[in-house]
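Reader: I have this model open at the bench and would love a close look at a single part of it. Could you pick one helix, walk me through what surrounds it, and then work outward from there?

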Amino acid sequence: MEANNKQVHVDSIGEEIVARVAGIDVAKDSGMVCTRVPHQSQPGKRTTTVWSVSARTNSIIELADRLAEERIERVVLEATSDYWRPFYYLLASAGPGGRAREGLAFVVRHPVLRASLGCATTVNFFTFVSGSVILLFASRGLGLSAGVIGLAFGVGSTGALLAQ
Amino acid sequence: MGRSIAVGAVLFPAPIAIAAAADGPVWVRAGALAAAEFLSGIGVMLFDVNLNSLQTTVIPDGMRSRVAGAFSTINYGIRPFGAIVGGLLGTLIGLRATLLIAAAGGALSLLWLLPSPIPGIHSLTLSKPQR
């Protein structure tokens, strides 16, 4: 590295140090995995492990378990063409909450789903604000008897039926 | 379609203000409560039925369960908080004011829709399956 110093470009804007990291060089049929984690006993030193994983669903799921055991914080993929897909999707959905996180990420990125989730959640929140006190209000605030409240709700409910 | 969702987003939560504002003889108070429920019922149907159809169309088959899981967790997860806030407000500022806040706050949900593509969606064309 010292010899080629002039050719090394350091991207200072996006620079970030991840303590426990893995990289996978993905080929058609396999991936070469490399993990770098802090050394167990010697501070400042790092342990590098390199091994090959076949690009099969079960092997990649095993890899995901192993990376989770080593508490890897980030995995970086390098691949030609579409061969990154099995590694990307299987690793992304691994671990607790993986699939839920994927679902949420999809919702947040999708303009229609993001707006509908925000809108529906806001509506839900406020209808439960009113729903929790409406009966009490009908009784205490409006001074209606149980029978009249029931009648009002019964008549009112036909609105939902009509809209169908 | 998109317009129905937008109308529903307001018509579902807002009519409770009619009940909150009611005064006068008993038939007026009861009528206001019934009218609020009636309009709100129309609103929820405009909102839910159309929004569910729209969501079904835009979610790819392979993502359905994951999206539904994440969506419902947040959408339904907010409910207990709404109920807690409703109870607290009812105690602190009164039942009538709580209902008015709920009506106004619920109507503000429209703000999520306005900048989105949803109000401009007129019909759902069934294209080829996406995956």
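**A helix across the sheet**

Author: Gladly! Let's start with helix 2 of chain A, residues 84–92, which lies across strand 1, strand 2 and strand 4 of chain A. Its direction makes about 165° with that of strand 4 of chain A. Do keep in mind as you look that this is a predicted model.

Now for the sheet beneath our helix. Four strands of chain A form an open sheet in the order 3-2-1-4, and the pairing is mixed. At the edges sit strand 3 (46–54) and strand 4 (74–79) of chain A, each with a pairing partner on one side only. From one strand to the next, the twist averages 15°. As general background, strands of a sheet pair through backbone hydrogen bonds, in either a parallel or an antiparallel sense.

One pairing is worth tracing residue by residue. Strand 2 of chain A, residues 30–38, runs antiparallel to strand 3 of chain A, and nine bridges join the two. You can follow this pairing using A:Ser30, which stands opposite A:Ser54 in strand 3 of chain A, and A:Pro38, whose bridge partner in strand 3 of chain A is A:Arg46. Strand 3 of chain A is hardly covered: of its nine residues, the count that are buried is zero.

Helix 2 of chain A has company on the sheet. Helix 1 of chain A, residues 57–69, also packs on the sheet, where it touches strand 1 (21–26), strand 2, strand 3 and strand 4 of chain A. The direction of helix 1 of chain A makes about 165° with that of strand 3 of chain A.

Stepping back to the whole chain, you will find six helices and four strands in chain A. Reading from the N terminus, the elements come in the order β-β-β-α-β-α-α-α-α-α. Buried residues account for 26% of the 164 residues in chain A. Among the contacts in chain A between residues at least 6 apart in sequence, 50% join residues at least 24 apart.

From here, let's move on to the partner chain. In all, 50 residues of chain A are in contact with 57 residues of chain B. On the chain B side, helix 3 (26–58), helix 4 (64–77), helix 5 (79–93), helix 6 (95–107) and helix 7 (110–113) each give two or more residues. The largest share, 19 residues, comes from helix 3 of chain B. Sorted by class, this side of chain B has 38 nonpolar, 14 polar and five charged residues.

A good place to zoom in is where helix 4 of chain A (residues 111–131) meets helix 3 of chain B. The axes of these two helices come within 10 Å and cross at roughly 150°. Angles over 145 degrees count as roughly antiparallel, so helix 4 of chain A and helix 3 of chain B are roughly antiparallel to each other. The crossing is left-handed.

At this contact, A:Val112, A:Leu113, A:Ser116 and A:Ala120 meet B:Leu51, B:Leu54, B:Gln55 and B:Val58. These residues divide into six nonpolar, two polar and no charged. A:Ala120 makes a nice final stop: among residues more than four places away in sequence, A:Ala120 touches B:Leu51 and B:Asn75. A:Ala120 counts as buried because 25 C-beta neighbours lie inside 10 Å.

Technical notes: Residues are numbered from 1 along each chain as its sequence is written. Chains are lettered from A and ligands numbered from 1 in the order in which they are written. This is a predicted model: local features need pLDDT of at least 70, side-chain atom pairs count only at pLDDT 80 or more; totals for chains, interfaces and linings use all residues. Two strands pair if DSSP finds at least two bridges between them. Axes are lines fitted to C-alpha atoms, for helices over the stretch in contact, and angles run from 0 to 180 degrees between N-to-C directions. Two residues are in contact if their C-beta atoms, placed from the backbone, lie within 7 Å. A residue is buried if 20 or more other C-beta atoms lie within 10 Å of its own, exposed if 12 or fewer, and partly exposed in between; C-beta atoms are placed from the backbone. Ala, Val, Leu, Ile, Met, Phe, Trp, Tyr, Cys and Pro count as nonpolar, Asp, Glu, Lys and Arg as charged, and the others, Gly among them, as polar. Angles under 35 degrees count as roughly parallel, over 145 as roughly antiparallel, 65 to 115 as roughly perpendicular and the rest as oblique. A crossing is left-handed if the near helix is turned anticlockwise from the far one by less than a right angle, and right-handed if clockwise.
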